[in-house]
Amino acid sequence: QLQLVESGGGLVQAGGSLRLSCAASAFTLDRYTIGWFRQAPGKEREGVSCISSSGGSTNYADSVKGRFTISRDNAKNTVYLQMNNLKPEDTAVYYCAARDAVITTVRAMCLGAVDYWGKGTLVTVSS
């Protein structure tokens, strides 16, 4: 079974930056569409950004457009989420997710069509 491991979370001041990483062991990620989701306290999990297996197609939530960038390095079996100009409302647990690229689009994935989840990494943005 595909196992996803997130890293890179932490505490940052508003306006700062973080880069999250999502890595997989035992399986290669290049056949999967990958997404980043987040869940803030008391709120539902939401799709933040998703990327196709080749990296050629991406999707972003309106709330992060222009501030977050998703990318992938299939040679390193890793997907990244570069987060700039962070705001307190970005505080959440961020989850990496995957689905076989044959059966999903980036848009569908960001709406919740997910087969595999990581355990999450906490991002806290202080004001």
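This tour proceeds from one strand and its neighbours to an aromatic cluster, two loop residues and a pocket. The model is predicted, and residues are numbered from 1 along the chain as its sequence is written.

**Stop 1: strand β9 and its partners**

Select residues 92-100, which form strand β9. This strand is mostly covered, with seven of its nine residues buried. Next, add residues 32-39, strand β4, which runs antiparallel to β9 and is joined to it by eight bridges. To see one position in this pairing, display Trp36, which stands opposite Cys96 in β9.

Now add residues 121-126, strand β11. Three bridges connect β11 with β9, again in the antiparallel sense. Within this pairing, Ala92 faces Val123 of β11 as its opposite residue.

The next selection is residues 116-117, strand β10, which pairs with β9 over two bridges, also antiparallel. Here Ala97 has Trp117 of β10 as its bridge partner. Keep Trp117 displayed for the next stop.

**Stop 2: the aromatic cluster**

The structure holds three aromatic pairs. Show the side chains of Phe37 and Trp117: the pair is edge-to-face, because the ring planes meet at 70°, with the centres 5.0 Å apart. This contact brings together distant parts of the chain, since Phe37 belongs to strand β4 and Trp117 to strand β10, 80 residues apart.

Are these two rings buried or exposed? Phe37 has a relative accessibility of 3% and therefore counts as buried. Trp117, with a relative accessible area of 35%, is partly exposed.

Add Tyr95, which forms an edge-to-face pair with Trp117 at 6.4 Å centre to centre and 85° between the planes. This pair also links distant parts of the chain, with Tyr95 in strand β9 and Trp117 in strand β10, 22 residues apart. Tyr95 is at 14% relative accessibility, so it counts as buried. With Phe37, Tyr95 and Trp117 all displayed, the view shows a cluster linked by ring pairs.

Then select Arg45 and look at its charged end. Arg45 lies over the face of Tyr95, 4.0 Å from the ring centre. The charged end of Arg45 also sits over the ring of Trp117, at 4.2 Å from its centre.

**Stop 3: two asparagines in loops**

Most residues other than glycine have a negative phi. Two asparagines are worth selecting with this in mind.

Begin with Asn77, in the loop between β7 (68-73) and β8 (78-83). The phi of Asn77 is near 55°, a positive value in a residue other than glycine. Asn77 counts as buried because its relative accessibility is 14%, under the 20% cut-off.

Move on to Asn85, in the loop between β8 and β9. Asn85 likewise has a positive phi, near 50°. Its relative accessible area is 42%, so Asn85 is partly exposed.

**Stop 4: the largest pocket**

Which residues should be selected to find the centre of the largest pocket? Select Arg38, Ala40, Lys43, Glu46 and Glu89, which lie nearest its centre among the 13 lining residues. The volume of this pocket is about 150 Å³. Colouring the lining by residue class gives eight charged, three polar and two nonpolar residues.

Definitions and conventions
Heavy atoms only, no water. 1 Å grid on protein atoms, 1.4 Å probe; cavity = no way out; pocket = protein on both sides within 12 Å on 5 of 7 lines; lining within 4 Å. Points joined across faces, edges and corners; volume = space filled by probe spheres on them. Nonpolar A, V, L, I, M, F, W, Y, C, P; charged D, E, K, R; others polar. Buried < 20%, exposed > 50% of the residue type's maximum accessible area, 1.4 Å probe, protein only. Helix = DSSP H or I, 4+ residues; strand = E, 2+ residues; numbered from the N terminus. Pairing = 2+ DSSP bridges. Phe/Tyr/Trp six-rings, centres within 6.5 Å; stacked < 30°, edge-to-face > 60°. Lys NZ or Arg CZ within 6 Å of the ring centre and 35° of its normal.
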